[in-house]
Amino acid sequence: EKKHYDIIHHLHEQYFAETKDLVNFIKHHNSKGTKVVLTINEVLSPYDIMIKKDRISAFNCVSVNNPYVYEIMIKSGFENIHLTYDGVDLSTFFIEKPFDQRDFVVFFSSSVMRLEHKGYSILQEVKNKLSNYKDIYFAEIYVDSFNNKRTLKDMNKIYNECKVFLCLSKSEGGPCTLLEASACGCVPVCT
């Protein structure tokens, strides 16, 4: 309550904006002249946007990375919406290991908080259907955003061990992991 911030940037709206405490925190700092920015990295339906309108409106500025969501928000009367595109730092994510020297590893990554949204059950079906192929291996990484110990350098090495990157999500805003894996030479397979 006593602290003053010049700017507050809130990422991943879907995880935290449900809480009343956060909305009150944002409104409090908004009233003190703090710039409060929300970044939406997911594809939201018009219904999602309308039911979250009060929460989203608490922010001074909203950044979205999907033209569809941007268009819906503009048509819904939101102001100060900015369309930004995801990008990948090619000095961090690059091909280190030639494709033909990699084992046939299929890579799947997900947040532990959103396994079903990220297509975990589809992954299990794929693994079952390919179980007779002994030369196909699956690398699965489950990220806990709060305790993630992997560095970007670690992720570059992991991508470089894989031939295929699976993105099985029900919806995505980017996704950055797909761009990173592609930069490392993985073949993307998406739903």
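Begin by selecting Val-189, which at a relative accessible area of 36% is partly exposed, in a model that is predicted. This valine belongs to strand β8, residues 187-190, and together with Phe-99 and Val-187 Val-189 makes a nonpolar surface patch of about 220 Å².

Staying with β8, add strand β7, residues 164-167, to the selection. The two strands run parallel and are joined by four bridges, and in this pairing Cys-190 of β8 is the bridge partner of Cys-167. Now bring in strand β5, residues 105-111, which pairs with β7 in the parallel sense over three bridges; here Leu-166 of β7 is the bridge partner of Phe-108.

With β7 still displayed, turn on its side chains and ask which residues cover each of its faces. Val-164 and Leu-166 lie on one side, Phe-165 and Cys-167 lie on the other, and all four are buried.

Next, move to the nonpolar interior. The largest nonpolar core has 17 residues, and Ile-40, Ile-49, Ile-56, Val-62, Val-64 and Met-73 are those with the most contacts inside it. The elements that contribute two or more residues to this core are strand β2 (35-40), strand β3 (61-64) and helix α5. A second, separate core comprises 14 residues, including Phe-93, Val-105, Cys-162 and Ala-183. As general background, nonpolar side chains in soluble globular proteins tend to be buried together.

Return to the largest core and centre the view on Val-62, one of the residues with the most contacts inside it. Leaving aside residues up to four places away in sequence, Val-62 touches Leu-38, Ile-40, Ile-56, Met-73, Asn-80, Ile-81 and His-82.

From that list, select Asn-80, which lies in the loop between α5 (67-75) and β4 (81-83). Is this asparagine buried, partly exposed or exposed? Asn-80 counts as partly exposed because its relative accessibility is 41%, a value that falls between the 20% and 50% limits. The backbone here also deserves a look, since the phi of Asn-80 is near 60 degrees, a positive value in a residue other than glycine. Most residues other than glycine have a negative phi.

The last part of the tour concerns charged side chains, and the structure holds three salt bridges. Side chains of opposite charge can pair when their charged atoms come close.

Start in helix α5, where Lys-75 and Glu-71 are four residues apart and therefore separated by about one helical turn. Their salt bridge has its closest N and O atoms 3.0 Å apart. Lys-75 is exposed, with a relative accessible area of 67%, whereas Glu-71, at 44%, counts as partly exposed.

Then select Glu-96 and Lys-157, whose side chains meet in a salt bridge at 3.9 Å, N to O. This pair links distant parts of the chain, with Glu-96 in the loop between β4 and β5 and Lys-157 in helix α7 (residues 152-159), 61 residues apart. Glu-96 counts as partly exposed at 41% relative accessibility, and Lys-157 likewise counts as partly exposed at 44%.

Finish with Lys-97 and Glu-161, whose side chains form a salt bridge at 3.0 Å, N to O. Lys-97 sits in the loop between β4 and β5, while Glu-161 sits in the loop between α7 and β7, so that the pair links distant parts of the chain, 64 residues apart. Lys-97 is partly exposed, with a relative accessible area of 23%, and Glu-161 counts as partly exposed at 39% relative accessibility.

Methods:
Residues are numbered from 1 along each chain as its sequence is written. This is a predicted model: local features need pLDDT of at least 70, side-chain atom pairs count only at pLDDT 80 or more; totals for chains, interfaces and linings use all residues. Side-chain values use heavy atoms; hydrogens and water are left out. Buried means under 20% relative accessible area, exposed over 50%, partly exposed in between (1.4 Å probe, protein chains only). Patches are made of residues with over 30% relative accessible area and no salt bridge: like charges are joined within 9 Å, nonpolar side chains (Val, Leu, Ile, Met, Phe, Trp, Tyr) within 5 Å. Accessible areas come from the Shrake-Rupley method with a 1.4 Å probe; for residues, only the protein chains shown count as cover. A salt bridge is a side-chain nitrogen of Lys or Arg within 4 Å of a carboxyl oxygen of Asp or Glu. A nonpolar core is a set of buried Ala, Val, Leu, Ile, Met, Phe, Trp, Tyr and Cys residues joined through side-chain atoms within 4.5 Å. Contact means heavy atoms within 4.5 Å. Two strands pair if DSSP finds at least two bridges between them.
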